[in-house]
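Subject: Structure handover

Hello,

Here is the structure I said I would pass on. My notes on what was found in it follow below.

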Number of protein chains: 2
Amino acid sequence: MDRRKQKTRRAIFQAFSRLLEIKHFNDITVQEILDEADIGRSTFYSHFETKDALLKEMCTDIFDHIFSSDLQSERSHDFSSSDHGLQEKITHLLYHLKDHKGNVLGVLSGESGELFMRFFKEYLKAMFEQYPESISQDVPKEFALNHLVGSFAEAVKWWMGNRMKMAPEELAECYLKLIGYHA
Amino acid sequence: MDRRKQKTRRAIFQAFSRLLEIKHFNDITVQEILDEADIGRSTFYSHFETKDALLKEMCTDIFDHIFSSDLQSERSHDFSSSDHGLQEKITHLLYHLKDHKGNVLGVLSGESGELFMRFFKEYLKAMFEQYPESISQDVPKEFALNHLVGSFAEAVKWWMGNRMKMAPEELAECYLKLIGYHA
DNA sequence: TATTATATCAAACGCTTTGTTCATTATCAA
DNA sequence: TTGATAATGAACAAAGCGTTTGATATAATA
């Protein structure tokens, strides 16, 4: 990809991210993004069809990065050297979210949160399905899975909204207690 | 309140509700509401400051009605004759939501869901606090409460999004199983 | 380096939506 | 009946959107 294009794309993402930290998605105008990123109007539209498309691509980028880095061993808190249980997996995920709080916090709350959550839940669903023992047998499977995904997403939202006071390990442990999971 | 004002207000609510069933909140224009409700532009703005205000008032109306009717005994599935446990309370609530699905479904999904959920959670929080035994002692109280509220709200969203195939009693039972509640 | 392709730019455009205003008409409550 | 209040319809400025244009700047390539 052309260096210029990369540079502009990054500028837009960063500007958008900065704006999301101070105001809701719906209140952000394209003009503000242009000013913040210091780019021309037509340039923006050569990158993204709409403001919504921008949000969508940003979410994709974030999750692809977070979830794909699960498979690599670049970070200190990585556990990829071997298979590991749900607790480690969750802890690991929380660390990644914490690392990306700058990007995540903006898209997480307000009206943009709707889209973020949709993406997040897709990934989470795949994750929990890798741990069948976490899915209760006492209720319909779809309901049980929705409960795991939904309540975890809510927990993360709560956690990040509260400045992540709890440590990732602690949050993971508490969450597993509440869903009655015992490794 | 003036009859004319009531009539117009009702027309706006109903038109808005109808529109929410076929498209997302953000895609609805004031003009569409005017056309659907068959009222003038200035009339709309004499009732509501903005489209957001309309949504907000509508949510308030819905919840006030649902939660206040908890205290009356007008409906067949009412349990207000005596104190009752969390399971009955939840079942009762689910019946009310089902009764109001026309209004609720629209504001529940899409971008308007964000606001709906905020309202819903406030009421739920108050409800769960009336049943201290439902709040786990093993984790920080704030976290436990958030878990109850968040996962229940998610369950309702899932349930209504799936055409409410499960009976309210069944959903209540399944939910309580998953949060490990035993009356 | 010279050439070709492509990204960015600024400015302007038509269009939609918004929220307000105002004079007029209809409806209500007393 | 009368005075107050609500609804109407038309028009308005302002803001935002997405597109187009032709010129300029920067990258990849031969």
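The lining of the second largest pocket divides by class into eight charged, five polar and four nonpolar residues. Please keep in mind that this is a predicted model.

To stay with that pocket: the second largest pocket holds about 330 Å³ of space. Its lining is made up of 17 residues, and those nearest the centre are A:Glu111, B:Asp52, B:Leu55, B:Leu115 and B:Arg118. In chain B, helix 4 (51-68) and helix 7 (113-129) each supply at least two residues of this lining. Helix 4 of chain B gives the most, with five residues.

The other site is the surface near DNA strand D. There are 21 residues around the strand, and A:Arg3, A:Arg4, A:Tyr45, B:Thr8 and B:Ser42 come nearest. Of the atoms of DNA strand D that come within 4 Å of the protein, 63% belong to sugar and phosphate. By class, the residues of this surface are three nonpolar, ten polar and eight charged.

Some individual contacts with DNA strand D:

- B:Thr8 has a side-chain N or O atom 2.3 Å from a phosphate oxygen of the strand.
- B:Arg4 has a side-chain N or O atom 2.9 Å from a base oxygen of the strand.
- A:Arg41 has a polar side-chain atom 3.0 Å from a base nitrogen of the strand.

Two or more residues of the surface near DNA strand D come from each of helix 1 (3-22), helix 2 (30-37) and helix 3 (41-47) of chain A, and from each of helix 1 (3-22) and helix 3 (41-47) of chain B. Helix 3 of chain B gives the most to this surface, with four residues.

Regards

Terms used. Residues numbered from 1 in each chain as written. Chains lettered and ligands numbered in written order. Predicted model: local features only at pLDDT ≥ 70, side-chain atom pairs only at ≥ 80, totals over all residues. Heavy atoms only, no water. Near = heavy atom within 4 Å. Polar contact = N/O pair within 3.5 Å; in protein donor to acceptor, adjacent residues only side chain to side chain. Nonpolar A, V, L, I, M, F, W, Y, C, P; charged D, E, K, R; others polar. 1 Å grid on protein atoms, 1.4 Å probe; cavity = no way out; pocket = protein on both sides within 12 Å on 5 of 7 lines; lining within 4 Å. Points joined across faces, edges and corners; volume = space filled by probe spheres on them.
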